[in-house]
Amino acid sequence: MSTVWKKAFVLLALIAILATAGACAPAPAPAAPQVVVVTATPPPAKVQDTFIFGAQGEPVCLDPPIITDGISSRVTRQVFEGLVKFDKDTFNVVPQLAEKWEVSADGKVWTFALRKGAKFHDGTEFNADAVLKNFDYWRNTKNPLHAAQEKAGQTFEYFKNQFWGFDDASIFAKIEAMDASTVRFTLKDPQGPFLNNLAMFMFVFWSPTSLEKAGTNSCKQPVGTGAYKFVEWKANEQVTLEAFADYWDKPNVAKMKRVVIRNIPNNSSRLLALVTGEVHAMEGLEPRDVDAVKADKRLKLLLRPANTNGYVAFNYKVKEFQDLRVRQAFAQAINKQPIIDKLYGGTGQVAWQFQPPAMWGYNKDLKDIKFDTAAAKKLLADAGFPNGISKVTFDGKEVPLDFWYMPVSRPYYPNPKDIGTAIAADWAKAGINVQLQTVDWSTYLDKRKKGELSLYMLGWTGDNGDPDNFICYFFCLNAKDEPKPEDGFFADKEISDVLKKAAATVKQEDRAKLYQQAEKLIYDKTIRIFMGNNQPPLAFLAGVDGYVVNPTGSEYFNTVVVK
Amino acid sequence: MLRYVIKRVLTVIPVLLGVSFLVFGFIRMIPGDVATTMLGERATPENVARVREQLGLNKPVHEQYLIFIGNALRGDLGRSVLRQEPVTQELIRRFPATIELAASAILIALIVGIPAGIVSAIRRGSVFDAGSMLLALTGVSMPVFWLGLMLIYLFSVVLHLLPTGGRLGASVEFTAATNFLLLDSLLQGNFNVFFQALRHLILPAVALGSIPMAIIARMTRSAMLEVLSADYIRTAHAKGLKERAVVINHALRNAWLPVITVVGLQVGRLMSGAILTETVFSWPGIGRWLVDAIYARDFPIVQGATLFIALVFVGVNLLVDLLYAWVDPRIRFE
């Protein structure tokens, strides 16, 4: 080839490479190019006996009372059952291994009639003795296995949080088996969220025989009564379950012979696995991929009802935030709707109170504060800041006004950096000039815990579908009514007292009124700015039917069919 | 030679001690702690204090280090604070996946890179030379993360030729003895699993091997060009030797040294590149495990995995040095 042609070829190739490199501007890992829908020939259909779910990560452990993460609980939900569960796509609590229950007039004595004929995967019977042995495992620090687990570094975190503590410090005065099929709990005080607590994924029952055999290896050998039994856990790859032939709920025996929960940590890789049919369903869809999934006829989208709230929190050690007018100005200066529309991938809803709309304590009479930049400026001027705010007095020192956004995507803030930037831009129009800050997630949580963040984004995903879990967790003060550093030194006794009263009330109608009252107080005092409730999207192959989304994530695979 | 090898092996000890001290110190200097990360938004001061106490994180740092070193000398690298799994056991279980991937990547890099470099040098200025060096430049410039996703998109989504990730399909049942799946499947005579494992290995190995392939091609070309201009090559031609004999017996043998050096360095690079590749392809190796542990401040895993990677580095460097002596008889070790 002549020299001229060689040079021309090299030049053309260089131009092509540069053009490609320019078009594909490097993005920070782990961001990846948007998946473009391609109408390629779909892979040939085949008869399915296995439902494969693409999970975002690896389970930590498969022993329910010692886990706290949603990835582990996705597996344990299929294997274990409790006295009660969340019904379909609601926060309502319905029977599971208990057929029915009664509560005494003072709210302290709960008697559960247990289901007869339910078996554990190892063939042993579910009965009152199994219930007592499991509660002893959770509650009694002298229980040999409980002690061994703690010595091995495990914690029974949620039992302590939901039921006050262990041993005699717990809310249980007595737990007794009235007969083989009846269990009675006598509480020291009435607990409004008691049933919702029992429906949580941690409070489910092991076969006592298998639990004793597993010992501190219980993370790897789960044995419950669920529609699926555990087969194998290939670390960092997948967990395999198979249908339990002797499942007690005959109409709801598992429709698929096997379930595989596959660990695919990268969101783009997981979506690609879904598109190729290697998985049949996935969680952790990026907001930017939601529209692509909706448009792809091979796929379908389900939105989990909101159980989250993303908020902006004030630190009350900032002198300026102690003035209600300043807090109201910050709230009024944010134009929430465009942020929700554009930065939540079409899955968000504007929020103006803490509870999501589906929760029974939600206050339907409250309306969101109206976005009004001019009104916000006026409020600031009235509060003594006619020229806006860019510096604040934090714990006695004058410092720039830092606004902290999270470094990681969370269910309540899918795009925290973009959302934080949009909020800052809205504030700037009202004269509120913030400096955007962030650190890695662990440090972020640490700083927040110590009350070092002056103004920050964070959020919440509910645990048990009860308003107490949403609001009291944050706004109930301790017995001495001390300010809470982890909540910006919040110390409003009026709100706390209403919430504590609601927690101790058993009748739902009475509790609902108290939570609505609490929401109004939080709203009137602009304790926090609530941005949005997110409905986490799950994507499926079009041929997957029967998947029921639940706001608490309590989703059972026994009803799923893959065509 | 033996004395040299023993001396080099003994230097591993201070190297690993130094690495252990550095990694132990650095991970603890990063703000944020394990208990807070574990508890997430539920990290109240009370809960964090309790979890820290239970995990033994309140002991003085020097005490923690001495306990760690003492146990490490006995092969016990501690337990994951998040999962309570023994780190040594997990390392043994996971490293075959990384080694299998890294070895495949370097094999692809060698099989493609060295011949490409040789031919480019021999046919300097040709279309092949220009084309292969351009490809090499492209290979070096492409981020492995992006390349991985593009390969998945092309070969899995569009062409349906290869799987998107993992080591085997979700429905494949196979019990691995050593966790080197290619080896295990061959030993068990299970050719279906062997081919499945191979199919799953191709894309991540190509993605991971792309940069070393490019670098090895370029280095081979440079080394060959230098050697081909030497007098003894002219002499070999003048003696009437065939091109093949000149290239392989004379030129290549003298061009090996810099190529071996580069290959040795690339093995180290592969360990870090494996982290991204393992993430994209959901490959259950050490790289991804290490990254997750860093984010979670899971100190024992970070310490153990880093020590292991340092050991691999040192081992590969020793191997490279020994290879020098084998390739070039003029090199002798005192």
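Here are two short exercises on chain A, each with a worked solution.

This is a predicted model, in which local features need pLDDT of at least 70, side-chain atom pairs count only at pLDDT 80 or more, and totals for chains, interfaces and linings use all residues. Residues are numbered from 1 along each chain as its sequence is written, while chains are lettered from A in the order in which they are written.

**Exercise 1.** Find out whether the radius of gyration of chain A agrees with that of a compact globule.

Step 1. Take the radius over C-alpha atoms, and for the globule use 2.2 Å times the number of residues to the power 0.38.
Step 2. For 563 residues the rule gives a value near 24 Å; chain A has 26 Å, which agrees.
Step 3. Let's add the burial: 49% of the 563 residues of chain A count as buried (20 or more other C-beta atoms within 10 Å of their own, with C-beta atoms placed from the backbone).

**Exercise 2.** Work out how helices H10 and H12 of chain A are arranged.

Step 1. Locate H10 at residues 324-332 and H12 at residues 373-382; helices are DSSP runs (H or I, at least four residues), numbered from the N terminus.
Step 2. Their axes come within 8 Å and cross at roughly 165 degrees; axes are lines fitted to C-alpha atoms over the stretch in contact, with angles from 0 to 180 degrees between N-to-C directions.
Step 3. H10(A) is therefore roughly antiparallel to H12(A) (an angle over 145 degrees).

Terms used. A residue is buried if 20 or more other C-beta atoms lie within 10 Å of its own, exposed if 12 or fewer, and partly exposed in between; C-beta atoms are placed from the backbone. Helices (H or I, at least four residues) and strands (E, at least two) are DSSP runs, numbered from the N terminus. Angles under 35 degrees count as roughly parallel, over 145 as roughly antiparallel, 65 to 115 as roughly perpendicular and the rest as oblique.
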